[in-house]
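I opened this notebook to record what I looked up, one entry at a time, with the structure beside me.

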Amino acid sequence: QVSQAQVHFASMALARQLGRAAAMGTGSELLGLIRSYWPLLLGNIVEWYEFAVYGYLAVYLEQNFFRGSKIGVWLGFGVTFLARPLGGVLIGVVGDRFGRSKAVNTSIVGMLVGTVGQGLVPTYSSGNETLGHIGFVLLIILRFVQGLSAAGEIGTISTYLTEVASHHLLCRGIALIAITCNLGILAAQFVVYAITRALGEEAVKAWAWRLPFVLALIPGLIAIWGRRGIPESHMFLEQQKEEQSGASAESQEVGFEVRQVSSIRLVKTIVSAHWLNMLIGGGALASTAILQYGGFVWGQSFLAHAGMTADDTMLVGLCSRVVMLVLAIPVAWLADVVGVAWVMLIGSLGFMLGGLPLWSMVQSNPDDLNHVMLSLGVGFGVLGSMLLTVPFYFIVELFPTAVRNTAVCICFNVSLSIFGGLAPIMAQASLSWSPLGPGIMYAVGGCISVLSILLGLFLQSRNVVQLTHVRKEPYFVLPCGAARGAKLTCTTSDESEAAVQKVDSSASTEASSSQGTSPVQV
């Protein structure tokens, strides 16, 4: 007679073997995703390179365009964020009406025009006041164009990759966005550093600051060429077929067919139907936006003004990005096992509790490499791996296919505009009333995200909102006792999602019952 323990050990051994097979399959699937959609990922590198270049050149731009005003240069940075909500609506509607591929092709062209153009405008340092005024106006216009285009780029890529990746590795597939984001920012930092080292501070201040903007033309053109043949996502095509046959459940959910209504009505209906999901998603992104723009980007400018050498500033930025690159896939794997909401919640809690202490370390000795490396390099790098790896998937999961691209673009860009656009300005301004001002801002941002995520989980447990539209589970895995204590609606699940999908239901039930504490899926 077979004992219960023998059944348990046999089930666990099978699960381990299946887990290894799944891991091997995961690697090949991720490589296949990269081979098929490299133009999307290259365009994402270009987008984040373009945004980061401005931040790393802020010291030189404030002299050429803003007459030495530190606040002014970050107000110029914030112009792109003013444009993002509008750009998210325009390109989001294109993605839902005509397809994700057309939306990403539109966005990359606009981004390239806006970025390269910034490197070609005249400045006040030319000695001609009129040319300086013209150059300033053109810079603002080009940054607005860049913001319009980038708004649709990140939202559409997130939607696209979610719809084409395998369900068991959705977070690891979306992690490719985070990896390419960091590669783009690293590329911007390296280019600025290399040009400064090769030509000198005076040359960069006079004219060489233009080179990083113009150099974006090369990878941008390659991305445009590669995107011409990208196929449409299968989920979008299936949604179109269902709408044509009149059998679309998602169209019935939103109350209309996307192609049959005006763009204005489409946006109004999406906002009125999904405003609560947008509020939850936008609040959850507060930590992500503030850390990215008020921590990493603005932090580099702060260190330069505080007297840290260019070499040391480069090392700090390199350290934080390498930490995030190394931890991206492990963090995404964790999100695929215990749920994306868990990872976002842990990261936000870390930012809320650790943001102020880490900043106080920087402020106590801002030109000491060891202090800054430990706080901004390692500390922020670890927090960034939690907050910047899977937020794109967290937002995409909130909305149905029929209106996903528009809803994601609106939610993501409104939140990024409010929290990311204001973060550098608030960080710089807060120093005038307290040296710990930026750290307090970090703590507040983390608190907003924690409350938003918990609100979403609570409302889902009361069937007020639906947070999952792509992959129902895992989303927020908890031990049974904790779930019962919180009175959450749960279903039983095995510790390994990949193994559960392949082990038959009876064996999975026996293995779970033989363990004292099986996890549950919220």
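**Entry 1, the nonpolar core.** I began with the largest nonpolar core, which has 132 residues, and I found that Leu161 and Phe394 touch the most other members of this core. I then asked which helix gives the most to this core, and the answer was helix α6, residues 170-199, with 14 residues. I note here that I am working with a predicted model.

**Entry 2, around Leu161.** I next wrote down what Leu161 is in contact with once its neighbours within four places in sequence are left aside. The list that I obtained for Leu161 is Leu33, Tyr37, Leu40, Leu41, Gly173, Ile174 and Ile177.

**Entry 3, the chain as a whole.** Stepping back, I counted 22 helices and three strands in the protein chain. The chain has 522 residues, and 58% of them count as buried. I also looked up the contacts with a separation of 6 or more, and residues 24 or more positions apart account for 84% of these contacts in the protein chain.

**Entry 4, cavities.** How many cavities of 30 Å³ or more does the structure hold? I found five, and the largest cavity contains about 120 Å³ of space. I then listed the lining of the largest cavity, which is made by 16 residues, and those that lie nearest its centre are Trp48, Thr288, Gln292, Leu388 and Phe392. The elements that give two or more residues to this lining are α6, α13 (286-305), α17 (391-396) and α18 (404-430). Sorting the lining of the largest cavity by class, I got twelve nonpolar residues, three polar ones and one charged one.

**Entry 5, helix α19.** I wanted to check the length of helix α19, which covers residues 437-461, and the reasoning was short: with 25 residues at 1.5 Å a residue the helix should span 36 Å, and its end C-alpha atoms are 37 Å apart, so the two values agree. Following α19 along the chain, I came to Asn463, whose phi is positive, near 60 degrees.

**Entry 6, Pro474.** Further on, I located Pro474 in the loop between α19 and β1 (477-479). Is Pro474 buried or exposed? The relative accessible area of Pro474 is 2%, and because buried means under 20%, I recorded Pro474 as buried. Finally, I compared sequence and space for Pro474 and Asp336, which are 138 residues apart in sequence, while their C-alpha atoms are 6.8 Å apart in space.

Methods. Residues are numbered from 1 along each chain as its sequence is written. This is a predicted model: local features need pLDDT of at least 70, side-chain atom pairs count only at pLDDT 80 or more; totals for chains, interfaces and linings use all residues. Side-chain values use heavy atoms; hydrogens and water are left out. Helices (H or I, at least four residues) and strands (E, at least two) are DSSP runs, numbered from the N terminus. The expected span of a helix is 1.5 Å times one less than its number of residues. Buried means under 20% relative accessible area, exposed over 50%, partly exposed in between (1.4 Å probe, protein chains only). A nonpolar core is a set of buried Ala, Val, Leu, Ile, Met, Phe, Trp, Tyr and Cys residues joined through side-chain atoms within 4.5 Å. Contact means heavy atoms within 4.5 Å. On a 1 Å grid over the protein atoms alone, a cavity is a set of points where a 1.4 Å probe fits but cannot get out, and a pocket is an open set with protein on both sides within 12 Å along at least five of seven lines; lining residues have an atom within 4 Å of a point. Grid points are joined across faces, edges and corners, and a volume is the space filled by probe spheres set on the points. Ala, Val, Leu, Ile, Met, Phe, Trp, Tyr, Cys and Pro count as nonpolar, Asp, Glu, Lys and Arg as charged, and the others, Gly among them, as polar.
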